[in-house]
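This note sets out some points for a colleague who has not met the structure before. Please read them with the model open alongside.

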Amino acid sequence: MPHNNNLCYEFGPFKFDLSKRLLQRAGETVSLTLKAADILVRLVSRAGHVVEKDELLKEVWPHTFVEEANLSQHIFALRKALGDDRVGPKYIETVTRRGYRFIATVTVVANENAPAGVLEAPESVGAVNHTPVVAVLPFANVMSDPEVEYLVQGITDNVINNLSRISKLRVMARSAVLRYRKKEINPQQVGRDLGAQVVLVGKIKSRPGQNVIDVELVDASTGWQLWGESFDSRDSYLLEIQEMITRQIVATLKLTLSGDEEKRITTRYTENAEAYQSYLEGRHHWSRYTRSGIERAIRHFRNAIELDANYALAYAGIIDCYLRLATNYLPPEDDVPSRDEWGYQPETSVDDSDPRVKLRFEWDWKGAERELRRANEL
């Protein structure tokens, strides 16, 4: 793909000069290998779009056979130069089994040293990413009320899930925003940290019989409030409030949804408000990963099923609970299954140890690891 070397790309605090393959951060040069710079050209010039691994290998290493591991090493070096992270990336996103996508907003500017009259937009300028990136921060439990902690987690997760169903938005994953839980939040700093243009900040104040949910959508570049609202919520209105928050964000950002997206953001797995509340409480206790938490979660999921026998998510929650109990908390069995039951075949085995027995029944972690390594060798 041809590139106009009289252009520069700007994203976040960075400026990338195509003519010199020079990357700068706030005026300071950032060291890049030539191949890493060539990869950056391909990614930035097609921001918002997946660049296939095969395409990168052919363009950056033409007429040369190069293993995919070589590309991965250069992507790693490029992320390091950008201060990026594979988990919760701000710039380079890995698209599993396909390639990579540059996810930050990119501005195309003229090179200061370009001769007059030669500036032409490259054919890839139309692909520059104008898709807003939204960070939904963990809602704050203003009163530190443990009785509404499940609500704090549930609303945050469900707003993220709803927004992620919209193709014209990019939404930071829960794992990327979780570090801001219980912190004093500066939306502008969060935007810079995560590469997000807009930040949703929410807080919940508990009151007898109802809760007050305050939300505001903030422009991370200016700190201006784009939209804000306060909801007096009883548990029976939780589903409606989450839907209203999603719709207000869509309206504020002037996004047009397809019919399928409209359907997805309004999908409800239950219409029973009490069942939904029990499900949220179950997920909250499950996420603690303790035996007592999982056992409490099971009770909440069972209650949700009693209220709505067709609530599929509640059944899935119970399955998650028993899987975690079986893996981490149920004690080793007194009677280990016979080797015949495990499919043990002496003629093909070189050791009497079965890593599955050590892992699931004896809880011999080191022994299981040793046997699994040996299995991989064989």
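1. The model is predicted. A first point of interest is a polar contact of 2.8 Å between the side chains of Glu93 and Arg170. The side chain of Glu93 also makes a polar contact with the side chain of Arg101, again given as 2.8 Å.

2. Glu93 itself lies in strand β6, which covers residues 92–95. Residues up to four places away in sequence being set aside, Glu93 touches Arg79, Gly99, Tyr100, Arg101, Ile103 and Arg170. Both polar partners, Arg101 and Arg170, thus appear in this list.

3. The next points concern helix α10, which has 17 residues, 291–307. From the first C-alpha to the last, α10 reaches 25 Å, close to the 24 Å expected at 1.5 Å a residue.

4. Which residues of α10 are buried? They are Gly293, Ile294, Ala297, Ile298, His300, Phe301, Ala304 and Ile305. An α-helix has 3.6 residues a turn, so residues three or four places apart point the same way. The buried residues of α10 pack against two helices, α9 (273–286) and α11 (312–329).

5. With α9, the axis of α10 comes within 8 Å and the two cross at roughly 165°. Angles over 145 degrees count as roughly antiparallel, and α9 and α10 are therefore roughly antiparallel to each other. Their crossing is left-handed. On the α9 side the contact includes Glu274, Ala275, Ser278, Tyr279 and Trp286, and on the α10 side the residues include Gly293, Ala297, His300, Phe301 and Leu307.

6. With α11, α10 packs at an angle of about 160°, and the axes are 9 Å apart. α10 and α11 are therefore roughly antiparallel to each other. This crossing, too, is left-handed. Among the residues that make the contact are Arg291, Ile294, Ile298, Arg302 and Ile305 of α10, together with Ala314, Ile318, Cys321, Leu325 and Tyr329 of α11.

7. Is Leu307 of helix α10 buried, partly exposed or exposed? At 33% relative accessibility, Leu307 counts as partly exposed, because buried means under 20% and exposed over 50%.

8. Leu307 also brings together parts of the model that are apart in sequence: the C-alpha atoms of Leu307 and Asn272 are separated by 7.3 Å, although their positions lie 35 residues apart along the chain. Apart from neighbours within four places in sequence, Leu307 is in contact with Asn272, Glu274, Ala275 and Ser278.

How values were computed
Residues numbered from 1 in each chain as written. Predicted model: local features only at pLDDT ≥ 70, side-chain atom pairs only at ≥ 80, totals over all residues. Heavy atoms only, no water. Helix = DSSP H or I, 4+ residues; strand = E, 2+ residues; numbered from the N terminus. Polar contact = N/O pair within 3.5 Å; in protein donor to acceptor, adjacent residues only side chain to side chain. Contact = heavy atoms within 4.5 Å. Expected span 1.5 Å × (residues − 1). Buried < 20%, exposed > 50% of the residue type's maximum accessible area, 1.4 Å probe, protein only. Axes fitted to C-alpha atoms, helices over the stretch in contact; angles between N-to-C directions. Parallel < 35°, antiparallel > 145°, perpendicular 65-115°, else oblique. Left-handed = near helix turned anticlockwise from the far one by under 90°.
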